[in-house]
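Biologist: Before we discuss anything in particular, could you put the model on the screen, so that we can take its surface, helices and interior in turn?

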Amino acid sequence: MGHMKSVAIIGTAGIPAAYGGFETLAENLTKKLSNKLNFTVFCSSKIYDTKIKNHNNSKLRYIRLNPNGIQSILYDAISIFKSIDKDVLLILGVSGCMTLPLIKILKRRPKIITNIDGLEWKREKWGKYAKIFLKISERFACKYSDTIIADNKKIQNYVLQEYNKKATLIEYGGDHASSVSPELTNYEKPYAFSVCRIEPENNIDIMLKAFSKTNHKLMVVGNWENSKYGRELLLKYKSKKNISLLSPIYDEKRLNALRSNCSIYLHGHSAGGTNPSLVEAMWLGLPVLAFDISYNRYTTNNQALYFKNHQDLEKLLQGTSKTSFDKIARAMKATAKKRYRWDLIADKYLSIFED
């Protein structure tokens, strides 16, 4: 057998995955490919109290910084410099990509593959200077990476238009999401369900307003206390009989029970590319009502129902039959089986690593 290529995975909080799409990606790539590649995954010691050395037959290295927010820039940059002896760097997100020109001038340098995520600089949560920084980082990523990965057709088109570079389209898997029997939920069906960060770009206000005008039950799980936006919504809607606003749930089993037993899955995200939580919901065969944006239409193969405002959503809730919702659920599952399987996704990454 020849030399097994060494691959560093940079830009996640770490594995075992407890949170987020990139972490789940790292978890599944190492699970599926560690018999073919030597992985090193960079992890944040701020997130993991117990620092295990190996997971999924891959080496874990810890950095004493926060993987999110402003510290993520340094966290990613340090991970990149600690990996220059590897054959391949898989960089997830652009925040550390300012360092790439320096890597390029080394004599022996790794192959650089960057998954640019969903146009991070456009997100409302960033201030003016952070947005400028992230836009420049994105430009550096596209200029200095050997391969750019886009997780959505719309992002692939954007990279071509903006940087005249052909990105490789690789989406996410969703088949790690499992249905859990309803006993764990203690909630009476039917109810609509959503789980997300409570940020304006996820359009929670639209959902809450629409449901407050109907008798349909809605359950939203999220970090209400983290922002003024969240606290105001909590105050306004927590007394509504048909609306349950729950704090974040870190028990995977309980969250999966609530999600997999809902009668409608609501997806309000308006930023980013192919969203992992949407892919998981599709894999669970849930009927999806999604915010009407090109990313979401592409992910759901144009077969979900879509809303732009609370009036749209209210009409859909009042006017869609159970038969229609069942049909949508079957379409979501069929698309997920075709496009969002981890064995498929891992093979696509492997062919880039070995190229």
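Biologist: Is Ile105 buried or exposed?
Modeller: This is a predicted model, and in it Ile105 has its place in the loop between H3 and E6. Its relative accessible area is 68%, and because the cut-off for that class is over 50%, Ile105 counts as exposed.

Biologist: Which residues make the nonpolar surface patch of about 320 Å²?
Modeller: Ile105, with its relative accessible area of 68%, is one of the members. The patch, which covers about 320 Å², is made by Ile105 together with Phe81 and Leu102.

Biologist: Is Ile9, in strand E1 (residues 6-10), buried or exposed?
Modeller: Leaving out residues up to four places away in sequence, Ile9 touches Ala26, Thr30, Phe39, Thr40, Val41, Phe42, Leu90 and Leu92. Leu90 stands 81 residues away along the chain, yet the C-alpha atoms of Ile9 and Leu90 are separated by 4.9 Å. With a relative accessible area of 0%, Ile9 is buried.

Biologist: How far apart are the end C-alpha atoms of helix H4 (residues 128-144)?
Modeller: The helix has 17 residues, and at 1.5 Å a residue these should span 24 Å. The model agrees with that expectation, because the end C-alpha atoms of H4 are apart by 24 Å.

Biologist: Which elements do the buried residues of H4 pack against?
Modeller: The buried residues of H4 are Leu134, Lys135, Ser137, Glu138, Ala141, Cys142 and Tyr144. They pack against two strands, E6 (111-115) and E7 (147-150), and against the helices H3 (100-104) and H5 (153-163).

Biologist: How many of the eight residues of helix H9 (residues 276-283) are buried?
Modeller: The cover over the buried residues of H9 includes helices H1 (21-33), H8 (252-260), H10 (294-299) and H12 (322-339), along with strands E12 (264-267) and E13 (288-291). The buried residues run from Pro276, Ser277, Leu278 and Val279 to Glu280, Ala281, Met282 and Trp283. H9 is therefore mostly covered, and by the cut-off of under 20% relative accessible area the number of its residues that are buried is eight.

Biologist: Which helix gives the largest share of the largest nonpolar core?
Modeller: Of the 69 residues in this core, Val159, Ile204, Leu208, Trp224, Leu266, Leu289 and Leu313 touch the most other members. The largest share, six residues, comes from helix H6 (residues 204-212).

Biologist: Which residues beyond four places in sequence is Leu208 in contact with?
Modeller: Leu208 is among the residues of the largest core that touch the most other members. With its sequence neighbours within four places left aside, the contacts of Leu208 are Leu218, Val220, Trp224, Leu233, Tyr237, Ile243 and Leu245.

Note on methods: Residues numbered from 1 in each chain as written. Predicted model: local features only at pLDDT ≥ 70, side-chain atom pairs only at ≥ 80, totals over all residues. Heavy atoms only, no water. Helix = DSSP H or I, 4+ residues; strand = E, 2+ residues; numbered from the N terminus. Expected span 1.5 Å × (residues − 1). Buried < 20%, exposed > 50% of the residue type's maximum accessible area, 1.4 Å probe, protein only. Contact = heavy atoms within 4.5 Å. Core = buried A, V, L, I, M, F, W, Y, C linked by side-chain atoms within 4.5 Å. Patch = residues over 30% accessible without salt bridge, like charges linked within 9 Å, V, L, I, M, F, W, Y side chains within 5 Å. Areas by Shrake-Rupley, 256 points an atom, 1.4 Å probe, with all protein chains shown as cover. Salt bridge = Lys/Arg side-chain N within 4 Å of Asp/Glu carboxyl O.
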